[in-house]
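The following exercises concern side-chain contacts and enclosed space in a protein model. Please work through each task with the coordinates open before reading its solution.

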Amino acid sequence: MTMHRSSDALIAELVGGLEPVRPLRFGEGLGLALAAAGLSAVVVITLFGLRPDWLAGSVNPMHLVATGLYFGLALAATVTVVVMSRPQIGSDHTGWRWAAAMAALLPLAGLIVGLSGGEDMLSAENVRHGAACFAVGGTASLLVFAMLTVWLRRGAPTDPDRAGLVAGVAAGAFGIFAFSLHCPDNDIVHIGVWHSAVVLVMAGLGRAVLPRLIRW
Amino acid sequence: MKADEATLARLMALSQAGDKLAYAALLDACQRWLRGYYSRRIAPSSLDDLVQETLIALHTKRASWDATRPFLPWLAAIARYRWVDHLRRLYRADEHELHEETMGTDDEPAIAARISIERLLGLLPPAQEQAIALVKIEGLSIAEAAQATGQSESLVKVNIHRGLKKLAHMIEKE
């Protein structure tokens, strides 16, 4: 951008156009993301139903651990995105990585079990069921993805590439968390491969698409 | 008016509420602070443009400051972001002479040091820092920078490219 006016003229122009603004609050950003995630979960349960074991009152431990890890990752990534929207020298944007490292145990364990020959990962039935989870989980991510995009556009992220990536992780993890409330499959191979794929693909989408939308 | 943290934070809070008088005082103080902040880190011919770009960014992103947090680390993050962006867009500065201005926060040297551009540049490996300083800030040609540093021309280019990319990921680092 090339400027030709004096700074005084620019300041006068900016002062003339001043309107009151509502500062971006951390709690508001986090609350909106959680509301979007909650709404996505309600829609998934309304459309597809809650897992049968929840209804029966006895919950599978594998399901609980996996769903909890995705929720933890989603929460940590969302907090990071909200922090990134409000620039500040000295801010730390790395907290989500620890949650990601913990959640990475799921695909790792899934791949180890799957490749060690316990079952046929690529059977038509497994792929069909996995692809359905992937598609619905991905779709369930979109509301959080859109909400975080709007929030980042209101804010001033100084590292748009990373903000896009982390927003994608948050959206994907919330999306698959929502769908996990329906998906009755407790198999680590299915969860590790297909559920984690939602997080990975949404992270890639966020990294590829968001920077150009949130750059300022 | 003196650009100290408490005064700037108070003016910014009033500005967010729509107080035009406070905003005029704030922008004037920020303009002077930014000139000091960028001094010796940008070619003099680019200083006005960069200060004005940063003031516009401050204006459009003013909702991203929260009154419960300090003002100068916020302003400096915005200033660093615009500075790195400016260097990335800059092919060659045409002046070598540098301004000798002082930082506007002499009374808070600890904060000033933590949020300075020097601190950011200092996070780079020396070869990348030197290549960026010579070509993007002082305005030397690639060939001149290669001669001055003993690096090959292609290495100078690589160091600039990698250094700027790294800077863009470290804007908020102390």
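## Exercise 1: The cavity lining

The lining of the largest cavity is made up of 3 nonpolar, 4 polar and 2 charged residues. In this classification Ala, Val, Leu, Ile, Met, Phe, Trp, Tyr, Cys and Pro are nonpolar, Asp, Glu, Lys and Arg are charged, and the others, Gly among them, are polar. This is a predicted model, in which local features need pLDDT of at least 70 and side-chain atom pairs count only at pLDDT 80 or more, while totals for chains, interfaces and linings use all residues. Residues are numbered from 1 along each chain as its sequence is written, chains are lettered from A and ligands numbered from 1 in the order in which they are written, and side-chain values use heavy atoms, with hydrogens and water left out.

Task: Identify which residues line the largest cavity and which element gives the largest share of the lining.

Solution.
1. A search of the whole structure yields 1 cavity of 30 Å³ or more. A cavity is a set of points, on a 1 Å grid over the protein atoms alone, where a 1.4 Å probe fits but cannot get out; lining residues have an atom within 4 Å of a point.
2. The volume of the largest cavity is about 40 Å³, taken as the space filled by probe spheres set on the points, which are joined across faces, edges and corners.
3. The lining consists of A:Arg51, A:His63, A:Ala66, A:Thr67, A:Ser180, A:Cys183, A:Asp185, A:Ile191 and A:His195.
4. Two or more lining residues come from each of helix 4 (61-84) and helix 9 of chain A. The largest share, 3 residues, belongs to helix 4 of chain A. Helices are DSSP runs (H or I, at least four residues), numbered from the N terminus.

## Exercise 2: Salt bridges in chain B

Task: Determine where in chain B the partners B:Arg35 and B:Asp48 lie, and which residues share a network with B:Arg89.

Solution.
1. Over all chains there are 15 salt bridges (a side-chain nitrogen of Lys or Arg within 4 Å of a carboxyl oxygen of Asp or Glu).
2. One of them joins B:Arg35 and B:Asp48, at 2.8 Å from N to O. B:Arg35 belongs to helix 2 (residues 20-38) and B:Asp48 to helix 3 (residues 44-60), 13 residues apart, so distant parts of chain B are linked.
3. B:Arg35 is buried at 17% relative accessibility, and B:Asp48 is partly exposed at 39%. Buried means under 20% relative accessible area, exposed over 50%, and partly exposed in between (1.4 Å probe, protein chains only).
4. B:Arg89 and B:Asp85 form a salt bridge of 3.2 Å, N to O. Because they are 4 residues apart in helix 4 (residues 72-89) of chain B, about one helical turn separates them. Shared partners join B:Glu53, B:Arg82, B:Asp85 and B:Arg89 into one network.

## Exercise 3: An aromatic contact between chains

Task: Classify the ring pair of A:Trp216 and B:Tyr81, stacked or edge-to-face.

Solution.
1. The structure contains 8 aromatic pairs over all chains. Rings of Phe, Tyr and Trp (its six-membered ring) pair if their centres lie within 6.5 Å; planes under 30 degrees apart are stacked, over 60 edge-to-face, and the rest tilted.
2. For A:Trp216 and B:Tyr81 the centres are 4.1 Å apart and the planes at 20 degrees, so the pair is stacked.
3. A:Trp216 lies in the segment after helix 9 (188-214) of chain A and B:Tyr81 in helix 4 of chain B, so the pair joins two chains.
4. A:Trp216 is buried at 16% relative accessible area, and B:Tyr81 is buried at 8%.

Technical notes. On a 1 Å grid over the protein atoms alone, a cavity is a set of points where a 1.4 Å probe fits but cannot get out, and a pocket is an open set with protein on both sides within 12 Å along at least five of seven lines; lining residues have an atom within 4 Å of a point.
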